[in-house]
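Me: Can you walk me through this one? I'd like to start with the overall picture and then get to the details.

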Amino acid sequence: MRFPTISKKLVLFLSLLIFILVVSSIFLIIVFSLPQLPDRLQDLVLSTPTEIYSDTGELIISLSNREEVQLSQISQHFINAILAMEDTEFYKHHGLNKKGLLRALFNHFIRFRRSGGGSGITQQLAKNMYFSFDRSWNRKMKDALLACQMERRYSKEEILEAYCNQIDFGSNCFGIEQAAQTYFAKHADELTLAEAAFLANIPRWPTYYNPYLNFDITKQRQEIVLKRMHKAGFISQQDMEQAMAESIDLKRLNLFWGKASYYIDYVKNIVEEIYSNEVLSYGGLKIYSSLDTRLQNFAQEAVTQGLIGLDKRLGFKDYDLASVEEKQLYIQAALVAMDPRNGKVSAMVGGRDFSVSPFNRAISNNRLPGSAFKPFVYLAAIDKGKYTPATIVLDSAVTFEFDDQKWSPPNFDKKFRGPVTLKTALMKSINVVTAKLINDIRPETVIDYARDMGIKSPLGAHLSLALGTSSVSPLELCDAYCPFSNGGISREPLILKYIENYQGKTLHEFSSHSAQIVDPQSIYLVLDMLRAAVEVGTAESIREIWSFDRPAAGKTGTTNDARDLWFVGFTPQLVTAVWVGYDDNRPVKDKNGIELTGAAAAIPIWVVFMKNALKNERYRSFPIPEGIIFERVDPTTGEIVPPSFPNAQEVALKAGTVLVKKY
Amino acid sequence: MKEKELNLEITKNQRLNEIITKLLTNRRIIITFVLIIVLTIIEFTTDFAEIMIGNAIELTNPYRPKSGTIWELHKKDRLANEQLEEITKALPDRKQEIPEINDLLQLKIKLEEQGTLQITADQFRNLYNQIPTRISGDIITPLDLLKLSHSKKWIWTKIVKSDSSLSFYFLDGDKQLLMDTYPSLSVLYTIPEAEQLHQVSLDSMMIYKGRTISAEMFFLVFDDLPNSIKLRLINNPFQLVKWDRNIQKVGISRYINDNVVTIGFQVNEGIYTEIYTFQASDFAVDYFIEKLNELFPELSLDYPEEKYSAFPDYF
């Protein structure tokens with residue numbers, strides 16, 4: 001009979017032992033799976049963030065969106081607000097806010113309400129620093145265990161400081177310093193009670209309580225924060241009421257925020273290609289770009305306003321009211337502006353809305369240039385010495401045969417004008433004449449010239465190349481027009497100027513490779529023709545409708561069925577290419593089904609941008625190189641005519657060019 | 001039925017009472033319960049469990065993995081720093097990049113060797129002043145050079161020579177382009193030959209023929225003239241200071257034109273000579289010649305005459 005008694009106790013003992021062993025093992029397994037803590041919390045703080053600067057040295061963006069500050073540099077109001085909202089017991093507990101935990105458990109299991117607030121500040125810090133954002137019990141347990149160790153290892157001040165520096169405030173900013181700058185244009189130690197309480201609630205649900213999206217809701221939540229602060233004894237009734245009555249004025253420290261997303265994205269891509277993603281994101285680089293913030297603002301504004309105007313014309317509802325899916329179907333635009341004197345890409349807009357579609361249309365070479373490609377054909381023809389701007393070519397129906405195929409290029413307006421000068425042909429964008437030119441000088445010659453000018457995309461060596469049937473990007477087309485504005489000097493587009501490491505040592509210098517690629521006289525002859533396109537040609541709306549009165553030249557481009565609408569225009573100071581079209585390549589037609597042209601869709605954007613961009617610039621004329629003469633010719637015969645001749649056309653010619661005189 | 005149900009209810013209550021009585025009289029259970037209560041109170045007042053757990057976990061810290069979001073970032077951070085360190089180490093020593101170029105021959109040799117040179121704005125100015133003006137003007141016009149200098153942005157000049165072209169890039173402190181020129185490649189080959197090409201002399205000019213004196217003779221007389229006369233002869237004496245020892249000869253024009261007489265200075269500009277002129281008052285020139293003839297009677301230099309001759313007063 002004794003044996004069973006002993007056995008029962010033994011079993012009990014052994015069971016207890018096994019239980020303890022199992023619990024201990026599980027505990028140890030969990031503990032050893034916890035991440036290691038560093039000696040000091042600051043040791044894990046990321047190094048200086050990579051920063052991108054404008055051409056004039058303004059900070060455009062800090063890539064980490066996080067700026068560490070010491071606790072002493074944070075407004076006491078904010079610290080109090082955070083303590084009142086997240087963990088009133090913070091200075092009393094050793095890791096776990098048990099009251100909060102019990103309250104959360106009670107709400108969860110008894111009142112069946114999902115409520116946060118169970119985790120104290122230390123636990124939240126542990127979660128944010130080490131774990132993913134799943135809501136499992138396993139993760140919560142690990143948070144709790146790590147929080148206990150953190151309290152053992154670090155002081156309360158260290159924990160609170162680290163917490164304030166890493167919480168998510170929405171709008172892609174982390175930490176109170178960035179939040180203060182993003183929402184109130186001030187530093188963390190300058191926040192008033194009302195502002196501090198306003199910000200303290202945002203981390204609870206950063207996307208929903210984003211003040212730029214839901215200001216009223218966030219303002220209501222501020223009152224809850226203030227009430228809790230009062231209840232916790234941080235502020236008096238009077239302070240609370242005063243702060244509630246105070247108006248909240250949102251203001252960004254970086255007013256340029258969000259206006260150069262495509263440019264910045266392109267800069268990041270270039271730097272990432274040179275170094276690595278790690279170096280870009282964590283290297284603390286200082287990247288100096290060519291971006292001109294003033295021009296970029298104007299570019300963004302011109303594209304936005306231009307597209308709003310087009311939306312109405314095309315029958316779209318207000319873009320802001322459209323769903324994300326609907327927005328994908330809206331008309332798009334891209335704009336690139338370059339300074340032809342040094343190759344700097346001053347402004348770049350790659351689409352209407354980076355947050356909806358980050359695809360950069362300014363650099364992607366998937367759009368046909370149409371007639372905007374023609375100047376390269378005329379340049380090749382003139383520079384080869386076979387043609388002058390006064391040369392007469394017959395604008396008539398023609399059929400070319402090649403590779404057993406026939407091609408009859410149509411004119412845009414379906415009309416034929418008979419004998420015309422080359423100047424008329426380019427300024428009126430006559431397809432037949434351009435096709436005849438390329439047929440004469442051969443596509444390979446045109447390709448050579450286009451390459452020299454700056455076109456890098458693949459170009460098909462066929463006759464239709466003359467009409468822009470090989471796709472290019474707005475950036476390269478803009479670059480390829482620079483020599484027209486610049487006496488035949490080509491420039492490589494300069495996006496970056498130089499890169500420094502965090503100690504200020506220059507790691508990489510960039511320069512725009514330049515070369516005199518075409519005789520300045522030949523260039524000037526084409527420039528003169530492109531000026532005529534603006535004065536009396538396909539781009540005359542620049543003068544007639546938009547009253548742009550500076551010396552300018554340029555070329556429109558409209559592809560078949562109006563799928564790509566272009567205008568590339570320039571002054572001596574600035575070359576700007578504008579593209580308009582749909583991402584899915586459908587024709588751009590207005591409400592009545594009428595196709596739009598480059599002049600109708602792209603020129604308004606170009607003009608609005610150029611007017612603003614050049615507002616403070618002196619009027620400059622295109623310099624005329626030595627050896628250029630001007631003659632008045634009969635536009636139907638190309639013969640020199642007396643001054644009294646009606647409808648004479650003035651053409652620029654190289655000195656020594658022999659033209660027949662009509663008198 | 002009701003009676004049966006009532007009995008069942010009584011039985012249930014009796015059993016419950018029995019269990020409660022048993023529990024309340026069972027010492028172990030009471031002790032355990034009290035212990036739990038006491039431990040809970042202690043935990044809520046002293047946090048002993050958290051402290052103990054914290055201490056226990058702390059002991060394991062060195063043996064735990066460096067995992068989790070922040071360690072991943074930390075690794076990337078370190079990786080980035082390592083890569084940056086390598087990039088920085090691989091950078092050339094920029095101080096050695098500025099070549100020692102003091103004359104045109106050095107420029108040509110270096111360009112032949114390296115193809116590309118980057119020199120300071122001052123170095124370029126120095127070289128520019130060594131080149132005969134008709135050649136230097138092809139590189140950059142003096143007016144453009146003045147504009148560059150006055151912009152105060154010009155710090156560097158990059159010169160690139162390829163097989164077929166020569167390019168000059170005028171850059172700012174950030175090595176960004178301010179201006180560029182593309183003179184003919186022949187400029188480079190003309191420069192070292194400039195000595196032969198540009199050896200002008202006062203003696204070869206009609207208006208100074210037989211009317212030149214050495215710099216020493218000029219200054220022997222000039223230095224003793226009253227300041228008022230000196231300034232009527234040379235209205236910008238600073239220029240004389242600049243040339244001083246490089247002046248080879250001085251010529252006095254044989255003609256007076258609107259009470260003005262041209263004085264020519266033949267100046268050694270390195271590998272070539274250049275002629276510079278001043279417009280002097282005829283009265284001062286007469287005074288100078290008088291003193292010159294007194295000091296060097298063998299010269300017996302004629303006074304300038306009013307211009308009646310067919311010779312133009314330029315060279």
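What follows is a short chat about the two chains, their contacts and one sheet.

Me: Before we start, what kind of model is it, and how are things numbered?

Reply: It's a predicted model, where local features need pLDDT of at least 70 and side-chain atom pairs count only at pLDDT 80 or more, while totals for chains, interfaces and linings use all residues. Residues are numbered from 1 along each chain as its sequence is written, and chains are lettered from A and ligands numbered from 1 in the order in which they are written.

Me: OK, chain A. How many helices and strands?

Reply: Chain A has 23 helices and 18 strands. Those are DSSP runs numbered from the N terminus, H or I of at least four residues for helices and E of at least two for strands.

Me: And what's the radius of gyration of chain A?

Reply: 34 Å, well over the 26 Å that the globule rule gives for 663 residues, so chain A is more spread out than a compact globule. The radius is taken over C-alpha atoms, and the rule is 2.2 Å times the number of residues to the power 0.38. Along its principal axes, the C-alpha trace of chain A spans about 135 × 65 × 55 Å.

Me: How about chain B? What does its radius of gyration come to?

Reply: Chain B has 49 Å, where a compact globule of 315 residues would have one near 20 Å. Its C-alpha trace spans about 165 × 50 × 45 Å along the principal axes.

Me: What share of each chain is buried?

Reply: In chain A, 50% of the 663 residues are buried; in chain B it's 22% of 315. Buried means 20 or more other C-beta atoms within 10 Å of the residue's own, with C-beta atoms placed from the backbone.

Me: Which domains does chain B have?

Reply: Domain 1 (2-46), domain 2 (96-195) and domain 3 (199-306), with bounds from an automatic or database domain assignment. The C-alpha centres of domain 1 and domain 2 of chain B lie 102 Å apart.

Me: Switching to the interface: how many residues are in contact?

Reply: 40 residues of chain B contact 44 of chain A, a contact being two C-beta atoms, placed from the backbone, within 7 Å.

Me: Which element of chain B gives the most there?

Reply: H4(B), with 14 residues. Helix H3 (48-60), helix H4 (69-89) and strand S4 (177-181) of chain B each supply at least two.

Me: What's the chemistry of that side of chain B?

Reply: It divides into 16 nonpolar, 14 polar and 10 charged residues. Here Ala, Val, Leu, Ile, Met, Phe, Trp, Tyr, Cys and Pro count as nonpolar, Asp, Glu, Lys and Arg as charged, and the others, Gly among them, as polar.

Me: S4 is in a sheet, right? What's the strand order?

Reply: The 4 strands run S1-S2-S3-S4 in chain B, as an open antiparallel sheet. Strands count as paired if DSSP finds at least two bridges between them.

Me: Why do S1 and S4 of chain B each have one side without a neighbour?

Reply: Strand S1 (116-120) and S4 of chain B stand at the edges with a single partner strand each, so one side of each has no neighbour in the sheet.

Me: How many bridges link S1(B) and S2(B)?

Reply: 5, in the antiparallel sense, with S2 covering residues 156-161 of chain B. B:Thr116 has B:Val160 as its bridge partner in S2(B).

Me: Which helix runs at about 100° to S1(B)?

Reply: Helix H6 (residues 121-130) of chain B, which lies across S1 and S2 of chain B. Axes are lines fitted to C-alpha atoms, for helices over the stretch in contact, and angles run from 0 to 180 degrees between N-to-C directions.

How values were computed:
A residue is buried if 20 or more other C-beta atoms lie within 10 Å of its own, exposed if 12 or fewer, and partly exposed in between; C-beta atoms are placed from the backbone.
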